[in-house]
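Colleague: Could you put the model up so that we can talk through how its helices and core fit together?

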Amino acid sequence: MHDVLKTIWLLLPAYTPNNFAVLFGGGTPLDFGKKFVDGKRILGDGKTIRGFVAGVLGGVIVGHLQLLIERTFGFRIYSSLPYDRFSLLVFLLALGAMTGDALGSFVKRRFGVERGRCFPVLDQLTFLLVAYAFASLSPAFGVLFTPKILLIGIIITPVLHLGVNVIAYVLKLKEVPW
Ligand code: CTP
Ligand code: MG
């Protein structure tokens with residue numbers, strides 16, 4: 001259980017960006033409305049520049065709040081890192097999560113899945129794998145993201161995703177349970 005909680009804590013800067021995108025997104029789409037060679041939208045209207053930027057900033061802010069919480073309650077996970085390594089790591093987690101989110105939409109459009117429709121596994125794991133890939137460029141990645149943590153992340157993320165969305169659906173915050 002301890003490792004599961006630690007994994008969730010470490011992944012919050014990658015989990016939260018899409019929520020910030022939902023809250024603050026809108027306006028010009030990331031693909032500027034352009035179509036790919038298959039005649040379908042490159043990404044679609046669900047991926048906007050404002051949402052992308054808000055998502056990355058949001059994830060970085062969440063990481064800093066976590067640092068404050070660790071210092072307040074006296075546990076050391078992110079706060080065990082020097083600040084420059086911490087900030088690079090959380091930035092790459094958030095940037096990778098939003099890039100993976102957009103990559104997921106790119107793949108969905110190629111399969112003809114319309115904006116907003118679900119694509120199981122892809123919807124829940126692309127952002128995580130790209131967040132891992134981006135974050136692995138940070139020198140601090142291997143210190144905190146051990147193979148065990150990485151594996152737990154891959155296992156629990158789809159479960160958490162489904163759980164949170166079902167709760168949001170039951171509370172009528174979302175129109176579909178995915
Ligand atoms: N959003 C945004 N910009 C982003 C990501 C998300 O503005 N880069 C906003 C959009 O309003 C989007 C909502 O957050 O509709 C939900 O995000 P998501 O579920 O990722 O997008 P979908 O609309 O489901 O589109 P897709 O099928 O492409 O995933
Ligand atoms: Mg969606």
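Modeller: Here we go through the core first and then the helix contacts.

Modeller: This is a predicted model, where local features need pLDDT of at least 70, side-chain atom pairs count only at pLDDT 80 or more, and totals for chains, interfaces and linings use all residues. Residues are numbered from 1 along each chain as its sequence is written, chains are lettered from A and ligands numbered from 1 in the order in which they are written, and side-chain values use heavy atoms, leaving out hydrogens and water.

Colleague: Which residues touch the most other members of the largest nonpolar core?

Modeller: Those are Y78, L89, L93, L144 and F145, out of 27 residues; such a core joins buried (under 20% relative accessible area, 1.4 Å probe, protein chains only) Ala, Val, Leu, Ile, Met, Phe, Trp, Tyr and Cys residues through side-chain atoms within 4.5 Å.

Colleague: And which element gives the most to this core?

Modeller: That is α5, with six residues, where helices are DSSP runs (H or I, at least four residues) numbered from the N terminus.

Colleague: How do α1 and α5 cross?

Modeller: Their axes, lines fitted to C-alpha atoms over the stretch in contact, with angles from 0 to 180 degrees between N-to-C directions, come within 10 Å and cross at roughly 105°, so the two helices, α1 and α5, are roughly perpendicular, a term for 65 to 115 degrees.

Colleague: Which residues meet there?

Modeller: L11, A14 and Y15 in α1 meet F127, L128, A131 and Y132 in α5, contact being heavy atoms within 4.5 Å.

Methods. Buried < 20%, exposed > 50% of the residue type's maximum accessible area, 1.4 Å probe, protein only. Parallel < 35°, antiparallel > 145°, perpendicular 65-115°, else oblique.
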